[in-house]
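Here is a short tour for anyone meeting this protein chain for the first time. Keep the sequence and the model side by side as you read.

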Amino acid sequence: MSPARLDVAVDNLRSGKGMIRICLTADPANFPGCIDDADAVTRSVPAGVHSVRFDGLPRGNYAVAVIHDENGNSRLDTFAGIPREGFGFSRNPAVRFGPPRFEAARFTLDGGAETQQVRMRYIF
């Protein structure tokens, strides 16, 4: 089986300041934070870069979480639990109270190339 490729395109950034931080995981228990997932693939790129490619991925189910770290402090800033910076997820699921579940953002890589368009959202 040939490995898969994923292109993540990020739309609706409100500024070119800071970094875009992307986490790709196959582990529902570690979505969206990817903190304890040794197999998660993360990338940080300048906010002016709106597309990131992941090559050589095993086939399977994944979800992507993206934050717009405008001040470059390597985390999503919040106020009273509400994000102060931009965020987005694969498949652009509805966001109510808290982040979506893995299943809402899940997509399947089955070889070849896949593209996920992630629409950034801002509350403040």
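A contact here means heavy atoms within 4.5 Å. Among contacts in the protein chain between residues at least 6 apart in sequence, 72% join residues at least 24 apart.

## What you are looking at

This is a predicted model, so local features need pLDDT of at least 70 and side-chain atom pairs count only at pLDDT 80 or more, while totals for chains, interfaces and linings use all residues. Residues are numbered from 1 along each chain as its sequence is written, and side-chain values use heavy atoms, with hydrogens and water left out.

## The overall build

The protein chain has one helix and ten strands. Both kinds of element are DSSP runs numbered from the N terminus: helices are H or I with at least four residues, strands are E with at least two. Follow the sequence and you get the pattern β-β-β-β-β-β-β-β-α-β-β. The radius of gyration is 14 Å, close to the 14 Å that the globule rule gives for 124 residues, so the chain is as compact as a globular protein of that length. (That radius is taken over C-alpha atoms, and the rule is 2.2 Å times the number of residues to the power 0.38.)

As for outer dimensions, the C-alpha atoms fill a box of roughly 45 × 30 × 25 Å along the principal axes. The chain exposes about 6800 Å², with carbon and sulfur atoms supplying 50% of that; the areas come from the Shrake-Rupley method with a 1.4 Å probe, and for residues only the protein chains shown count as cover. Of the 124 residues, 42% count as buried. Buried means under 20% relative accessible area, exposed means over 50%, and partly exposed is in between (1.4 Å probe, protein chains only).

## A three-stranded sheet

Which strands form the open sheet, and in what order? There are three, in the order β4-β1-β10, and the pairing is mixed. Strands count as paired if DSSP finds at least two bridges between them. At the edges stand β4 (51-57) and β10 (112-119), each with a single partner strand, so one side of each is left without a neighbour in the sheet. Neighbouring strands of this sheet are turned by 15 degrees against each other on average, direction ignored; for such angles, axes are lines fitted to C-alpha atoms (for helices over the stretch in contact), and values run from 0 to 180 degrees between N-to-C directions.

Strand β1 (residues 4-11) and β4 run antiparallel, joined by five bridges. One pair to look up is aspartate 7, whose bridge partner in β4 is arginine 53.

## Strand β5 and its partners

Now turn to β5 (residues 60-69), which pairs with β8 in the antiparallel sense over four bridges. β5 is mostly covered, with eight of its ten residues buried. Seven bridges join β2 to β5, again antiparallel, and arginine 21 stands opposite isoleucine 67 in β5. With β9 (residues 107-109), β5 makes three antiparallel bridges; there, asparagine 61 has threonine 108 as its bridge partner.

On the β8 side, alanine 65 stands opposite phenylalanine 89, and valine 66 stands opposite glycine 88. In a regular strand the side chains alternate between the two faces of the sheet. Strand β8 (residues 86-89) has both faces covered: Gly86 and Gly88 on one side and Phe87 and Phe89 on the other are all buried.

## The disulfide

Cysteine 23 and cysteine 34 form a disulfide, with their sulfur atoms 1.5 Å apart. The rule asks for a pair of cysteine sulfur atoms within 2.5 Å, and by it the count comes to one. Cysteine 23 sits in strand β2 (residues 19-25) and cysteine 34 in the loop between β2 and β3 (41-46), eleven residues apart. The link is left-handed, with -100 degrees about the S-S bond, and both cysteines are buried.

## Loop spots worth a click

Proline 32 lies in the loop between β2 and β3, and the peptide bond leading to it from phenylalanine 31 is cis, with omega near 5 degrees. Asparagine 12, in the loop between β1 and β2, has a positive phi of about 65 degrees although it is not a glycine. Asparagine 12 is partly exposed, at 48% relative accessible area.

Serine 74, in the loop between β5 and β6 (78-79), also has a positive phi of about 65 degrees without being a glycine, and is exposed at 53%. Arginine 101 lies in the loop between β8 and α1 (102-105) and counts as exposed at 70% relative accessibility.
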